[in-house]
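Dear colleague,

I am passing on the structure we talked about, so please open it beside this message and follow along as you read. My notes come after it.

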Amino acid sequence: FKARQAMAKTGTDIDWGTAEAMAFGSLLIEGNHVRLTGQDVQRGTFSHRHAVVKCQETDAEYTPLNSLARVLSMSAPVEELVKSDTQAQLTVRNSILSEFAVLGFEHGYSLENPNA
């Protein structure tokens, strides 16, 4: 995380995982709920993402991109989400390797919540 912070400050040598986090962060601040589902998406296939960090002692999970703003809301009205102190939620869930199942679920979810 210190290396990512340095990349963001200097704007140089930004790696894939940091660029992805910056893109997700900008969507969240704009009020767009971002969902990732698939095999090993929390960590990232090559340990590049680290979207969810787990405590080895308590197994508690922490999602850094859900701490960009003071207020976190997954389903607030757009008028609330555009406020500078509010962000949408990042949801990251590991699942079995079944692209068709994930695609079907995410398509249904997007029909129910077009802002996801």
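**What was found**

D85 is partly exposed, with a relative accessible area of 25%. Please keep in mind throughout that this is a predicted model.

D85 is also a good place to begin with the charged pairs, because side chains of opposite charge can pair when their charged atoms come close. The partner of D85 is R70, and in this salt bridge the closest N and O atoms lie 2.5 Å apart. The two residues belong to distant parts of the chain, 15 residues apart, with R70 in the loop between β3 and β4 (71–72) and D85 in the loop between α3 (78–81) and β5 (86–87). R70 counts as exposed, because its relative accessibility is 67% and the cut-off for exposed is over 50%.

The structure holds five salt bridges, and two others deserve a look. One of them joins E20 to R49, with 2.7 Å between the closest N and O atoms; this pair also links distant parts of the chain, since E20 sits in helix α2 (residues 16–29) and R49 in the loop between β1 (34–38) and β2 (53–54), 29 residues apart. Are E20 and R49 buried or exposed? Both E20 and R49 are buried. Another salt bridge is formed by K54 and E61, whose closest N and O atoms are 3.4 Å apart; K54 is partly exposed at a relative accessible area of 41%, and E61 is partly exposed at 47%.

On the surface you can also find a nonpolar patch of about 310 Å², to which F1, V53 and Y62 contribute. Of these residues, Y62 lies in strand β3 (residues 61–62) and is partly exposed, its relative accessible area being 45%.

Now for the chain as a whole. Its secondary structure consists of four helices and six strands, which follow one another from the N terminus in the order α-α-β-β-β-β-α-β-β-α. The radius of gyration is 15 Å, which agrees with the value near 13 Å that a compact globule of 116 residues would have, and the C-alpha atoms fill a box of roughly 40 × 35 × 30 Å along the principal axes. Buried residues make up 32% of the 116 residues, while the chain exposes about 7800 Å², of which carbon and sulfur atoms supply 59%. Finally, if you take the contacts between residues at least 6 apart in sequence, 53% of them join residues at least 24 apart.

With best wishes

Note on methods: Residues are numbered from 1 along each chain as its sequence is written. This is a predicted model: local features need pLDDT of at least 70, side-chain atom pairs count only at pLDDT 80 or more; totals for chains, interfaces and linings use all residues. Side-chain values use heavy atoms; hydrogens and water are left out. Patches are made of residues with over 30% relative accessible area and no salt bridge: like charges are joined within 9 Å, nonpolar side chains (Val, Leu, Ile, Met, Phe, Trp, Tyr) within 5 Å. Accessible areas come from the Shrake-Rupley method with a 1.4 Å probe; for residues, only the protein chains shown count as cover. A salt bridge is a side-chain nitrogen of Lys or Arg within 4 Å of a carboxyl oxygen of Asp or Glu. Buried means under 20% relative accessible area, exposed over 50%, partly exposed in between (1.4 Å probe, protein chains only). The radius of gyration is taken over C-alpha atoms; the globule rule is 2.2 Å times the number of residues to the power 0.38. Contact means heavy atoms within 4.5 Å.
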